[in-house]
Amino acid sequence: MVIEDEESLCALLEYNLTREGYKVSLVSDGDEALYAIEDEKPDLILLDWMLPHVSGIEICRQIRARSEVKDTPVIMLTARGEEDDRIRGLETGADDYLTKPFSMTELLARIRAVLRRSRPTLAGDVATFGDIILDRQAHRVRRAERDLHLGPTEFKLLDVLMQRPGRVFSREQLLDLVWGRDVYVEIRTVDVHVGRLRKAINRRGDRDPIRTVRSAGYALDETYAATPARQAARG
Ligand code: CA
């Protein structure tokens with residue numbers, strides 16, 4: 001989500017972020033920002049310092065005070081030379097800070113770094129999606145009480161998908177998150193590993209929890225986690 005009142009900058013950010021595969025939501029007014037954040041629950045917020053009605057720093061403070069959105073990563077954008085603001089911004093809970101004018105390359109690098117940091121990959125962390133349980137510490141995946149045997153890449157792939165059920169990840173984003181930015185891997189490698197992951201987690205007749213979104217990428221099917229079928233599987 002981009003919270004910025006300068007129209008030309010909004011257009012530039014929207015163009016570049018969309019091209020990178022991010023879904024962009026624009027908000028130009030401080031008053032609207034908090035409603036929009038609670039409504040859309042963005043993965044990351046680019047927050048302008050000087051906004052009409054409510055300042056960026058006040059918005060940041062309020063994000064951190066609201067339980068539903070308090071962990072949303074925030075990158076503050078501000079005019080050159082406001083060093084005091086920088087310190088205040090970080091104290092208020094911004095994850096990073098960029099001074100205008102900034103290059104898109106720099107911004108994209110910061111976004112990736114902040115997103116990587118904000119992902120819950122702490123040791124001992126266990127993720128659950130429907131009847132699938134992924135244990136990051138034990139490096140183990142179970143589905144309906146059954147141990148699954150996943151290769152390291154499939155494990156990481158499932159981990160990434162499980163961090164944001166329902167969210168559609170483009171192949172480029174998955175390459176970035178699973179293989180890393182510095183490795184050159186062909187885009188269709190993602191399809192190969194998604195295929196392997198499906199094979200590892202689904203037995204004949206199982207419902208596939210992974211959704212292929214045509215020309216967009218892959219996502220975990222949110223309706224899978226809500227299905228009553230797993231009650232039966234559990235009993
Ligand atoms: Ca502004």
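In this predicted model, L47 stands opposite M76 of strand β4. This pairing belongs to a larger arrangement: strand β3, which spans residues 45-48, runs parallel to β4, and four bridges join the two. On its other pairing, β4 is joined by four bridges to strand β5 (residues 96-99), again in a parallel arrangement. Here L77 is the residue that stands opposite L98 of β5.

Strand β4 itself, residues 74-78, deserves a closer look. Five of its five residues are buried, so the strand is largely enclosed by the rest of the structure. Their directions can be followed one by one: V74, M76 and T78 point one way from β4, while I75 and L77 point the other way, and all of them are buried. The background to this pattern is simple, as side chains in a regular strand alternate between the two faces of the sheet.

Helix α3 comes next. Together with β3 and β4, α3 makes a right-handed β-α-β unit. The helix covers residues 56-65, and its buried residues are G56, I57, I59, C60 and I63. These residues lie on the same side of α3, because they cover an arc of only 160° around the axis. As a general guide, an α-helix has 3.6 residues a turn, so residues three or four places apart point the same way.

Strand β3 also leads to the metal site. Which residues coordinate the calcium ion? The ion is held by D5 and D48, each through OD, and by M50 through O, at 2.1 to 2.3 Å. Along the chain, these donors follow the spacing D-x42-D-x1-M. D5 lies in the loop between β1 (2-3) and α1 (7-19), whereas D48 is in strand β3, so the pair ties together parts that are 43 residues apart in sequence.

Are the two aspartates buried or exposed? D5 is partly exposed, with a relative accessible area of 35%. D48, in contrast, has a relative accessibility of 3% and counts as buried, the cut-off for buried being under 20%.

The surroundings of D48 bring several of these elements together. Leaving aside residues up to four places away in sequence, D48 touches I3, E4, D5, G56, L77 and K100. Among these contacts, D5 is a fellow donor to the calcium ion, G56 is one of the buried residues of α3, and L77 is a buried residue of β4. Finally, an unreviewed UniProt entry places the feature "modified residue: 4-aspartylphosphate" at D48.

How values were computed: Residues are numbered from 1 along each chain as its sequence is written. This is a predicted model: local features need pLDDT of at least 70, side-chain atom pairs count only at pLDDT 80 or more; totals for chains, interfaces and linings use all residues. Side-chain values use heavy atoms; hydrogens and water are left out. Buried means under 20% relative accessible area, exposed over 50%, partly exposed in between (1.4 Å probe, protein chains only). The arc is that of the directions from the helix axis to the C-beta atoms. Two strands pair if DSSP finds at least two bridges between them. A crossover is right-handed if, with the strands pointing away from the viewer, the path from the first strand over the helix to the second runs clockwise. Donors are N, O and S atoms within 2.8 Å of the metal (3.2 Å for Na, K and Ca); water is not among the atoms, so sites may look incomplete. UniProt positions are given in the numbering used here, feature names are shortened, and annotations may be inferred rather than shown by experiment. Contact means heavy atoms within 4.5 Å.
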